Amino acid sequence: MEHKKGSLKSTIAVSLTNYLDAGAIVAGASGLTLWQNYLGLNEGHLGWLNALSANAFGAAIGAIFGGFLADKYGRKTIYTYNMLVYMLGIAIIMFTVNFPMLLAGFLITGISVGVGVPASWTYISENSEVGNRGKNMGISQFAWGVGPMIILLLGMLLAPGNADASAGVLFDYVQKIATLFIGNDASVEAINVFSSRIIFGSLLVVAFIAWTLQRKLNESKDWEEAKKMQTNEKQPGVFASFGTLFTNKVNIRTMLFLAGIYISWNMVASVMGFFQQHIYETAGGLSNGEANMITAVQWIVIIAITYFGFAMLVDKVNHRWLYVFGTSIGIVAWCILIFIGIKNHVALWTFTMLWGIHAGISVQAFYALWASELFPAKYRAAAQGIMFFAVRSIAAVWGFGFVNIYGENGEGFSTAAYIMIGLLIFALIVGAIWTPKTQGKSLQQISKERYGEDI
């Protein structure tokens, strides 16, 4: 279709939402131990931060509203205002002096992320050519990897030192900035946490750039056409699609399939996204700088595999086999970490590389593609919002469960790791059996095949 010729340009602009989503999660993870030391937080506090962040319930709250709003008022409306909310949340985190402020900043940022994700995936899919839809969704996932990589590299460069490791090469600048704001008599913990404040500041800059670019986007033609078809009907309320979604058998089957693969996988990925460095520091015995370094290397692998292993192949190869390959690699990675041991540096590096390959051809990449294909335009974003709400809500609850299983110093790591393997096996089986046949078809064709002419 003619209106989709500029799909790559709009994909890049919209993909900054993914950069900021993953960036917010990993920025929190990167400085988690620093905030813990500065504010005197316990594992329960960390569980709340995870639960209300972009990694979990904060995003869930945003998604349930954002999906319906995007279907009612358009994708562009979301892009016009949502980044302002994100910038507010980031600013609160940057100037945090107590736990309630930190929690509020995480929550507001998370809500903004949740509002933006259904609209962004929907917009990219609707503005893609048939032969490039998977590639463009892959590029959006590529941005999801670039964010954490940059954040973790900054975390490594700005990291404070400890008894086991020297400080990052830019930590002297962190100390100077901290002294400028809080004086020479500040505690070591107060100075060290400035490295995390600066990292969140980098997200503020990118969010402003994203807001500037996304405000200039044209509205989705698919959404406009769906709205024209409803001109002679009574205009539905914002949540009018809710009843339709849960009374149509095709919708129910679709949501059960997508939730089956994404909830199980995201329970593992949410732990990796928010607690990975904390796990490496406690169970693995690494310093903050080392944990950030090894995780940054992992994200370099992720973005390379996302582009060359997913984006470049997904429109050309069998979806089922690519899905099975990518998910199986993740299972192997966790098995190595269990049976060789997290304190073994060879095992830790092997896990890091294999998880990077898995995350590049991840369940999330397929979920983002399939969820944007399998529903008609009139409630495409709403359906994704509902599922994103379910996924991140469960991740929030699981975050509390994980910290209790894992323990203060990682004594329950093996038990948690076995649970991870079980969840990944479930995602593998569900996805392999019910892989949808959407490859090479337009969104309109997919909708007619699944729903008939009355869509």
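**Why these labels? A chat about the model**

Colleague: Why is I108 called partly exposed?

Modeller: I108 has a relative accessibility of 22%. Buried means under 20% and exposed means over 50%, so a value in between earns the label partly exposed. Please keep in mind that we are looking at a predicted model.

Colleague: Thanks! Where is I108 found, and what is it in contact with?

Modeller: I108 sits in helix α6, which covers residues 99-126. Leaving aside neighbours within four places in sequence, I108 is in contact with V85, G89 and I92. For V85 there is also a C-alpha to C-alpha distance: 7.0 Å from I108, with their positions 23 residues apart in sequence.

Colleague: What makes I25 buried?

Modeller: The relative accessible area of I25 is 9%. The cut-off for buried is under 20%, so I25 meets it and is buried. You will find I25 in helix α1, residues 7-30.

Colleague: Which residues is I25 in contact with?

Modeller: Beyond its neighbours within four places in sequence, I25 is in contact with A54, N55, G273, F274 and R392. As for N50, 25 residues away along the chain, its C-alpha atom is 8.7 Å from that of I25.

Colleague: How do you know that S140 is buried?

Modeller: S140 has a relative accessible area of 0%. Buried requires a value under 20%, so S140 qualifies. The home of S140 is helix α7, residues 133-158, and its contacts, apart from neighbours within four places in sequence, are S15, N18, W121 and I124.

Colleague: Let's try the far end of the chain. Why is R450 given the label partly exposed?

Modeller: R450 shows a relative accessible area of 27%. That value is neither under 20% nor over 50%, so R450 is partly exposed. R450 belongs to helix α20, residues 443-451.

Colleague: What does R450 touch, and how far is its C-alpha atom from that of I124?

Modeller: R450 touches V250, T254 and L374, once residues up to four places away in sequence are set aside. The C-alpha atoms of R450 and I124 are 21 Å apart, and the two residues are separated by 326 residues along the chain.

Colleague: Now the whole chain. How do you know that its radius of gyration agrees with that of a compact globule?

Modeller: For 455 residues, a compact globule would have a radius of gyration near 23 Å. The protein chain has 21 Å, which agrees with that expectation. Along the principal axes, the C-alpha atoms fill a box of roughly 70 × 45 × 35 Å.

Colleague: How many helices and strands are there, and what share of the residues is buried?

Modeller: The chain has 20 helices and 0 strands. Buried residues account for 60% of the 455 residues. Of the contacts between residues at least 6 apart in sequence, 82% join residues at least 24 apart.

Colleague: What makes a set of residues a nonpolar core, and how many residues does the largest one have here?

Modeller: The members must be buried nonpolar residues, such as Leu, Ile, Trp or Phe, joined through side-chain atoms within 4.5 Å. The largest such core has 143 residues, and those with the most contacts inside it are L49, L203, I279, W334 and F402. Helix α13 (residues 249-282) gives the most to this core, with 17 residues.

Colleague: Which residues does W334 touch?

Modeller: Not counting residues up to four places away in sequence, W334 touches several, among them V268, M272, F351, W355 and F413.

Definitions and conventions. Residues numbered from 1 in each chain as written. Predicted model: local features only at pLDDT ≥ 70, side-chain atom pairs only at ≥ 80, totals over all residues. Heavy atoms only, no water. Buried < 20%, exposed > 50% of the residue type's maximum accessible area, 1.4 Å probe, protein only. Helix = DSSP H or I, 4+ residues; strand = E, 2+ residues; numbered from the N terminus. Contact = heavy atoms within 4.5 Å. Rg over C-alpha atoms; globule rule 2.2 N^0.38 Å.
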